[in-house]
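Trainee: I am new to this structure and would be grateful for a close look at a single part of it, with some account of the whole chain as a setting.

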Amino acid sequence: MAKGVEGAEGYQARDYEDPPPTPFFDADELTKWSLYRAVIAEFVATLLFLYVTVLTVIGYKIQSDTTAGGVDCGGVGILGIAWAFGGMIFILVYCTAGISGGHINPAVTFGLFLARKVSLIRAVLYMVAQCLGAICGVGFVKAFQSAYYVRYGGGANSLADGYSTGTGLAAEIIGTFVLVYTVFSATDPKRNARDSHVPVLAPLPIGFAVFMVHLATIPITGTGINPARSFGAAVIFNESKPWDDHWIFWVGPFIGAAIAAFYHQFVLRASGSKSLGSFRSAANV
């Protein structure tokens, strides 16, 4: 485990370097294959994510439907659904982190954009790829499970009966905050430098955060915390109930991601005060 390095004046010097902020708009990215490779990785990862998770949701509803020969405690249950979502994020972040950063979620991309970790061009292309991948993933589910897809709600997110819009919005904000805060913490260069195991294990806490949030919010909203997941399911299912509540699954995650980015960058890491301090030091030279 790396520690601070003793400086000439006897203080602990930093043993890590924060990467410089990504340019807000970098047109040169459009000429690089690495950008398009990353966009393809985000598309495929989100497709696989929606295919496996929505199929798990529908499979559970089939096995627990007592009117169709199922049993009350049949299938994987809510716990199994939460594991499906968290486990797939763990797998896909592990597979794509070295290519695209393993976002697989427009809210994560938005948070990293606000923190100047990705450029505007990359953020927009990632979000488009994620939404298209989600549509295709749910489309495959409908194609392979056409007999059950519409009957069991298509895995679409909507506000559960008995909950107010404010409760649903708060659930999405807090749930996404937990996820994006975990992403920032797991990929923090300071921790990567001092804890050599962190880069290897980074997908694990991210996937576990998704798992825990699903346990808490499946009964409220079905758990969005990922606008692409909610959008893809709503597009393919295309019924009024998911569309009526759909704004919650964009507004909530984006607000949660913005709060997480601000909290990590300006409170925990105090990036704003560090920059201001550097500016004052340079002005006094």
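How much area does the protein chain expose, and what share of it do carbon and sulfur atoms supply? After that, please describe the second largest pocket closely.

Mentor: The model is a predicted one. Its protein chain exposes about 13800 Å², and carbon and sulfur atoms supply 66% of that area. The secondary structure consists of 13 helices and 2 strands. Of the 285 residues in the chain, 46% are buried. Among contacts between residues at least 6 apart in sequence, 78% join residues at least 24 apart.

Against this setting, the pocket may be described. The second largest pocket holds about 410 Å³ of space. Its lining is formed by 22 residues, and the closest to the centre are V57, K61, A156, I218 and G222. Several helices contribute: α1 (33-63), α2 (77-96), α9 (203-221), α10 (227-237) and α11 (240-244) each provide at least two lining residues. The largest share, 4 residues, comes from α9. By character, the lining of this pocket comprises 13 nonpolar, 6 polar and 3 charged residues.

Two of the helices named above, α1 and α2, are also the elements on either side of a loop that contains S64. S64 counts as buried because its relative accessible area is 17%, below the 20% cut-off. The side chain of S64 reaches the backbone oxygen of Y60 at 2.8 Å.

Terms used. Residues numbered from 1 in each chain as written. Predicted model: local features only at pLDDT ≥ 70, side-chain atom pairs only at ≥ 80, totals over all residues. Heavy atoms only, no water. 1 Å grid on protein atoms, 1.4 Å probe; cavity = no way out; pocket = protein on both sides within 12 Å on 5 of 7 lines; lining within 4 Å. Points joined across faces, edges and corners; volume = space filled by probe spheres on them. Nonpolar A, V, L, I, M, F, W, Y, C, P; charged D, E, K, R; others polar. Buried < 20%, exposed > 50% of the residue type's maximum accessible area, 1.4 Å probe, protein only. Contact = heavy atoms within 4.5 Å. Areas by Shrake-Rupley, 256 points an atom, 1.4 Å probe, with all protein chains shown as cover. Polar contact = N/O pair within 3.5 Å; in protein donor to acceptor, adjacent residues only side chain to side chain.
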